[in-house]
Amino acid sequence: MIVSSALIENAVNEFAKLPGIGKKTALRLVLHLLKQETPQVEQFGEVITRMRRQIKFCKQCHNVSDDDVCNICASHTRNQKLVCVVESIRDVIAIENTQQFNGAYHVLGGIISPIDGIGPDQLNIHTLVERVQQHGVEEVIMAVSPTIEGDTTIYYLSKKLKDLPVKVTTIARGIAFGGELEYADEMTLARSLTNRLPLENYLQNK
Ligand SMILES: [Zn+2]
């Protein structure tokens, strides 16, 4: 892309690094910013910078948070003994949007995938085991993708939890439940949480 300004070109290149943004869209966004008043653009930059600098990850569940402990873990009206295990923060947002789940979460930060070099040690697994041991968690719901990696992760976690006094369940997987959690529509996702199954039933059907 030939632009008569290196400043513009640099900005376009930065926008084009974002997922789903090609060079043309990047240019459109940059030119849009150029039309704004300077303070507005400064605020845009500051909000992004502040978000990245100040964001915290909850000490308990690893969800994004403005404080050391997130507002879900800190809530007295939520069932802290019911913990839904998910791969990523996006899954927390997807489930929260259903407004049907009143428990807490545990964000693994990924999924066991030897091909990508991701083993159990790179995930937030030991904090989950500790949490179950120390906080009297009564039920752990596995809400990870129905893929080989997801199943490997479920199997690994179930072995880690098997000697602890905790019920382990998985979300129900209907036909409509095609892929990752965030793509499931809210109704399907809410239903699959409500109709969760004991883990043994899930593993038996494999
Ligand atoms: Zn938390």
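**Entry 1: Gly-45**

I looked up the environment of Gly-45 in this predicted model and found the residue exposed, with 10 other C-beta atoms within 10 Å. The cut-off for an exposed residue is 12 or fewer such atoms, so Gly-45 falls under that label. I placed Gly-45 in helix H3, which runs over residues 38-54. I then took the distance from the C-alpha atom of Gly-45 to that of Ile-171 and obtained 40 Å, for two residues 126 apart along the chain.

**Entry 2: Overall layout**

I recorded 8 helices and 7 strands in the protein chain. The C-alpha trace spans about 65 × 35 × 35 Å along its principal axes. The domain assignment lists domain 1 as residues 6-54 and domain 2 as residues 76-204. Taken over C-alpha atoms, the centres of domain 1 and domain 2 are 36 Å apart.

Of the 206 residues in the chain, 26% are buried. I also checked the contacts with a separation of 6 or more: 53% of them join residues 24 or more positions apart.

**Entry 3: Confidence**

I noted a mean pLDDT of 89 for the protein chain, with 92% of its residues at 70 or more. Among the elements, helix H8 (residues 199-204) has the lowest mean pLDDT, 74, and S4 the highest, 97. I keep in mind that predicted coordinates should not be read in detail where pLDDT is low.

**Entry 4: The annotated segment and His-62**

I looked up residues 58-73, which an unreviewed UniProt entry annotates as "zinc finger region: C4-type". Over this segment the chain is 0% helix and 12% strand, and its end C-alpha atoms are 8 Å apart.

I next examined His-62, in the loop between strand S1 (56-57) and strand S2 (64-65). His-62 is not a glycine, yet its phi is positive, at about 70 degrees. Most residues other than glycine have a negative phi. I counted 22 other C-beta atoms within 10 Å of His-62, and the residue is therefore buried.

**Entry 5: Helix H4 and Gln-99**

Which residues of helix H4 (residues 89-98) are buried? I found Asp-91, Val-92, Ala-94 and Ile-95. These residues lie on the same side of H4, because the arc they cover around the axis is only 165 degrees. In an α-helix, residues three or four places apart point the same way, because there are 3.6 residues a turn. I asked what covers the buried residues of H4; the cover includes strand S3 (79-86), strand S4 (103-107) and helix H7 (186-194).

Just after H4, I came to Gln-99, with a positive phi of about 55 degrees. Gln-99 is in the loop between H4 and S4 and is likewise not a glycine. Is Gln-99 buried or exposed? It counts as exposed, because I find 9 C-beta neighbours inside 10 Å.

**Entry 6: The largest nonpolar core**

I examined the largest nonpolar core, which has 37 residues. The members that touch the most other members are Cys-84, Val-85, Val-86, Tyr-105, Val-140 and Met-142. I traced the contributing elements: S3, H4, S4, helix H5 (126-134), strand S5 (139-142), helix H6 (148-161) and H8 each supply at least two residues. S3 gives the most to this core, with 4 residues. I note that one of the contributors, H8, is the element with the lowest mean pLDDT.

Conventions
Residues are numbered from 1 along each chain as its sequence is written. This is a predicted model: local features need pLDDT of at least 70, side-chain atom pairs count only at pLDDT 80 or more; totals for chains, interfaces and linings use all residues. A residue is buried if 20 or more other C-beta atoms lie within 10 Å of its own, exposed if 12 or fewer, and partly exposed in between; C-beta atoms are placed from the backbone. The arc is that of the directions from the helix axis to the C-beta atoms. Two residues are in contact if their C-beta atoms, placed from the backbone, lie within 7 Å. UniProt positions are given in the numbering used here, feature names are shortened, and annotations may be inferred rather than shown by experiment. Domain bounds come from an automatic or database domain assignment. pLDDT is the predictor's confidence in each residue, from 0 to 100. A nonpolar core is a set of buried Ala, Val, Leu, Ile, Met, Phe, Trp, Tyr and Cys residues joined through C-beta atoms within 7 Å.
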